[in-house]
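Student: I should like to go through this structure and ask how each label is justified. Please set each value against its criterion.

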Amino acid sequence: MGTCDNGWMCEHRWRQNRNMVRFRNVAAGHGMFNWWDNGNNQIAFSRGDRAFIAINNEDWSALDATLQTGLSSGDYCDVISGDLSNGGCTGKTITVGGDGRAHIYIAGDDEDPMIAIHAESKVGSGNGIDPGVVDPVHPTHTHPTHPTQVSPTGTERTVVFIKKQTSVGQDLFLRGGIGHEVRPGCTSDAVSSQCAIPISHRIGGTNTNLNSWKQGDNHLDWYGVESGQGYGAQGSPLAWTTSNSNNAATVSSQGYGYTPLNQWGDHYWMLDVDMDCSRTENGWFEVKAIVGYSGGGVQWESDRNQGTCGGTAGGTKPYSSGNHFARCGKINVFDFDGNTCTIEEF
């Protein structure tokens with residue numbers, strides 16, 4: 001930082017070191033995924049969906065590859081070469097696509113032959129020194145323009161459908177809750193955060209993966225895997241459903257397949273929980289879907305611009321964000337990467 005003297009080196013103040021302390025804090029508690037190497041001295045990996053690092057330890061050749069970062073789409077500041085400053089980056093900017101992949105180039109003779117990005121280094125998210133709470137799952141929100149109404153109390157059955165045709169080896173998960181800029185008392189831990197909503201899964205059956213992923217999943221939250229969830233979980237798990245009553249599998253028996261709650265067709269992934277409505281915003285809460293891949297990696301749903309919802313319950317979201325808005329105690333229906341919404345009474 002240029003403020004060290006009297007024989008001291010103050011390595012802890014160097015940009016690379018102090019920025020990697022934040023990298024560690026953002027990545028803490030998230031496992032290693034998306035490992036890549038070139039068979040020699042170039043490696044890369046993500047820490048869940050929170051952070052990504054690539055290192056080129058070959059003086060004679062560049063690391064030049066398109067790699068899975070695990071992060072949501074957007075531009076990220078490489079915290080090795082620069083800082084977030086006034087919403088921009090003083091160093092390299094890494095662009096992550098909708099599939100979580102980014103082109104990485106690190107020359108062999110770079111001064112620091114590595115790049116590191118994380119959920120709080122997204123360009124536009126702050127100055128990098130004291131950015132407040134920033135997370136790709138819940139983009140910047142605007143405060144409600146009307147007085148906050150009293151939320152309904154009590155626990156009610158709540159269903160969320162997300163229509164998404166997937167392939168073998170893909171599953172759908174939800175993140176959600178209340179935006180950090182809308183409500184005080186929000187942390188990065190589901191148990192203590194006022195932006196997380198307590199839930200209890202209702203779906204049973206013999207679906208091994210679903211049963212593993214719902215174990216320990218006690219909140220709809222923004223923060224990822226809760227303690228006790230099985231390997232591969234990316235949030236609250238959804239079950240694939242169809243409206244075809246002739247389907248051999250049923251949600252009640254196998255944990256996927258036909259359910260009478262689905263009135264719309266195939267490929268409607270369902271969250272069916274008992275939800276604490278008192279933790280919502282006047283009965284409303286946000287959700288964003290994630291495709292998880294059995295071999296690692298994720299695909300985030302892009303930001304949405306939801307209008308007034310149709311259906312027997314319907315309604316208009318209480319504030320603005322780039323996510324879907326659902327209602328507690330209702331059946332909520334959305335399209336992956338779509339803006340339309342239908343909210344029905346049970």
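Student: Where does Thr 208 lie?
Tutor: In this predicted model, Thr 208 belongs to helix H2, which covers residues 208-214.

Student: Why is Thr 208 called exposed?
Tutor: The label exposed applies over 50% relative accessible area. Thr 208 has 61% relative accessibility, so it counts as exposed.

Student: How far is Thr 208 from Gly 255 in space?
Tutor: Their C-alpha atoms are separated by 8.7 Å, while the two residues are 47 residues apart along the chain.

Student: Where is Ser 245, and what makes it exposed?
Tutor: Ser 245 sits in the loop between strand E16 (239-242) and helix H3 (251-254). Its relative accessible area is 51%, and exposed means over 50%, so Ser 245 is exposed.

Student: What separates Ser 245 from Arg 327 in sequence and in space?
Tutor: Ser 245 and Arg 327 are 82 residues apart in sequence, and 27 Å lie between their C-alpha atoms.

Student: How many disulfides does the structure hold, and how do you know that Cys 77 and Cys 89 form one?
Tutor: The structure holds 4 disulfides. The criterion is a pair of cysteine sulfur atoms within 2.5 Å. The sulfur atoms of Cys 77 and Cys 89 are 2.1 Å apart, so this pair is a disulfide.

Student: Why is the disulfide of Cys 77 and Cys 89 called right-handed?
Tutor: The torsion about its S-S bond is about 65°, so the disulfide is right-handed.

Student: Which parts of the chain does the pair of Cys 77 and Cys 89 tie together?
Tutor: Cys 77 lies in strand E5 (residues 74-77) and Cys 89 in strand E7 (residues 88-89), so the pair ties together parts that are 12 residues apart in sequence.

Student: Why do Cys 77 and Cys 89 receive their accessibility labels?
Tutor: Buried means under 20% relative accessible area. Cys 77 has 1% relative accessibility, so it counts as buried. Cys 89 has a relative accessible area of 22%, which places it in between the limits of 20% and 50%, so Cys 89 is partly exposed.

Student: What makes Cys 186 and Cys 195 a disulfide, and what is its handedness?
Tutor: Their sulfur atoms are 1.9 Å apart and the limit is 2.5 Å, so the pair qualifies. The link of Cys 186 and Cys 195 has 75° about the S-S bond and is right-handed.

Student: How do you know whether Cys 186 and Cys 195 are buried or exposed?
Tutor: Cys 186 has a relative accessible area of 15%, under the limit of 20%, so it is buried. Cys 195 has 0% relative accessibility, so it also counts as buried.

Student: What can be said of the disulfide of Cys 309 and Cys 341?
Tutor: The S to S distance is 2.0 Å, within 2.5 Å, so Cys 309 and Cys 341 are joined by a disulfide. With -100° about the S-S bond, the link is left-handed. The pair links distant parts of the chain, 32 residues apart: Cys 309 is in the loop between strand E20 (298-300) and strand E21 (324-327), and Cys 341 is in strand E23 (residues 341-344). Both Cys 309 and Cys 341 are buried.

Student: Which feature of the backbone marks His 267, and why is this residue called partly exposed?
Tutor: His 267 has a positive phi, near 70°, and is a residue other than glycine. It is found in the loop between strand E17 (257-258) and strand E18 (268-276). Its relative accessible area is 21%, in between 20% and 50%, so His 267 is partly exposed.

Student: What is phi at Asn 282, and how is its accessibility classified?
Tutor: Asn 282 is not a glycine, yet its phi is positive, at about 55°. Asn 282 is placed in the loop between E18 and strand E19 (284-293). With 26% relative accessibility, in between 20% and 50%, Asn 282 counts as partly exposed.

Student: How do you know that the radius of gyration agrees with a compact globule?
Tutor: With 346 residues, a compact globule would have a radius of gyration near 20 Å; the protein has 21 Å, so the two agree.

Definitions and conventions. Residues are numbered from 1 along each chain as its sequence is written. This is a predicted model: local features need pLDDT of at least 70, side-chain atom pairs count only at pLDDT 80 or more; totals for chains, interfaces and linings use all residues. Side-chain values use heavy atoms; hydrogens and water are left out. The radius of gyration is taken over C-alpha atoms; the globule rule is 2.2 Å times the number of residues to the power 0.38. Helices (H or I, at least four residues) and strands (E, at least two) are DSSP runs, numbered from the N terminus. Buried means under 20% relative accessible area, exposed over 50%, partly exposed in between (1.4 Å probe, protein chains only).
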